[in-house]
Amino acid sequence: MRLTYAILLTCALCLSAPALADDAAEDARVNALVVSDAAAKLAAKEVEYDTGVYNLLRKGGFSDTEIREFMRPILEKAGFSEENIVKYFNLFDPNYHGGEA
């Protein structure tokens, strides 16, 4: 009986490993999109508000708070300062003043 469970567990691990690798690649791609969008918008003199990750999530039905909760850790990990994170979020939500760090 234990041998059967061991075989099933081994099969499950072997089958899930490629899926986990795909998830990591997808996470890296999403993180890169968030970081590049924020960097581009912060560097631009004129900003196109209807493009980018933030607006895509907003059109998808996410609230500003949910978007910030998703994006903030990515931006922090990428080395964005609190000031730049607030500036970026402020582009889309002028009433945002930070405070959730």
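Leaving aside residues up to four places away in sequence, Asn55 touches Tyr49 and Asp50, where a contact means heavy atoms within 4.5 Å. The model is a predicted one, in which local features need pLDDT of at least 70 and side-chain atom pairs count only at pLDDT 80 or more, while totals for chains, interfaces and linings use all residues. Residues are numbered from 1 along each chain as its sequence is written, and side-chain values use heavy atoms, with hydrogens and water left out. Asn55 itself sits in helix 2. With a relative accessibility of 9%, Asn55 counts as buried (under 20% relative accessible area; exposed is over 50% and partly exposed in between, with a 1.4 Å probe and protein chains only).

Stepping back to the whole fold, the protein chain contains four helices and zero strands (DSSP runs numbered from the N terminus, H or I of at least four residues for helices and E of at least two for strands). The pattern along the sequence thus reads α-α-α-α. The protein chain has 101 residues, of which 23% count as buried. Its exposed surface comes to about 7,000 Å², with 61% supplied by carbon and sulfur atoms; areas are from the Shrake-Rupley method with a 1.4 Å probe, and for residues only the protein chains shown count as cover. Considering contacts between residues at least 6 apart in sequence, 50% join residues at least 24 apart.

Turning to charged side chains, a search of the whole structure finds six salt bridges (a side-chain nitrogen of Lys or Arg within 4 Å of a carboxyl oxygen of Asp or Glu). One of them joins Asp37 to Lys41, with an N to O distance of 2.8 Å. The two residues, Asp37 and Lys41, are four apart in helix 1 (residues 2-43), so about one helical turn separates them. Asp37 is buried at a relative accessible area of 9%, and Lys41 is buried at 8%.

Another salt bridge pairs Arg68 with Asp93, whose closest N and O atoms are 3.0 Å apart. Because Arg68 belongs to helix 3 (residues 64-77) and Asp93 to the segment after helix 4 (82-92), this pair ties together parts 25 residues apart in sequence. Arg68 and Asp93 are both buried.

Within helix 3, what N to O distance is found for the salt bridge between Glu76 and Arg72? The value is 3.2 Å. Glu76 and Arg72 are four residues apart in this helix, so about one helical turn lies between them. Their surroundings are not alike: Glu76 is partly exposed at 37% relative accessibility, whereas Arg72 is buried at 4%. Shared salt-bridge partners join Arg72, Glu76 and Glu82 into one network.

Aromatic side chains complete the picture, with six aromatic pairs found in the whole structure (rings of Phe, Tyr and the six-membered ring of Trp with centres within 6.5 Å; planes under 30 degrees apart are stacked, over 60 edge-to-face and the rest tilted). The pair of Tyr54 and Phe89 is tilted because the ring planes meet at 50°, with centres 6.2 Å apart. This pair links distant parts of the chain, as Tyr54 in helix 2 (residues 53-59) and Phe89 in helix 4 are 35 residues apart. Both Tyr54 and Phe89 are buried. Phe89 also pairs with Tyr88, their ring centres 5.8 Å apart and planes at 45°, so this pair too is tilted. Tyr88 is buried as well. Together, Tyr54, Tyr88, Phe89, Phe92 and Tyr96 form one aromatic cluster.
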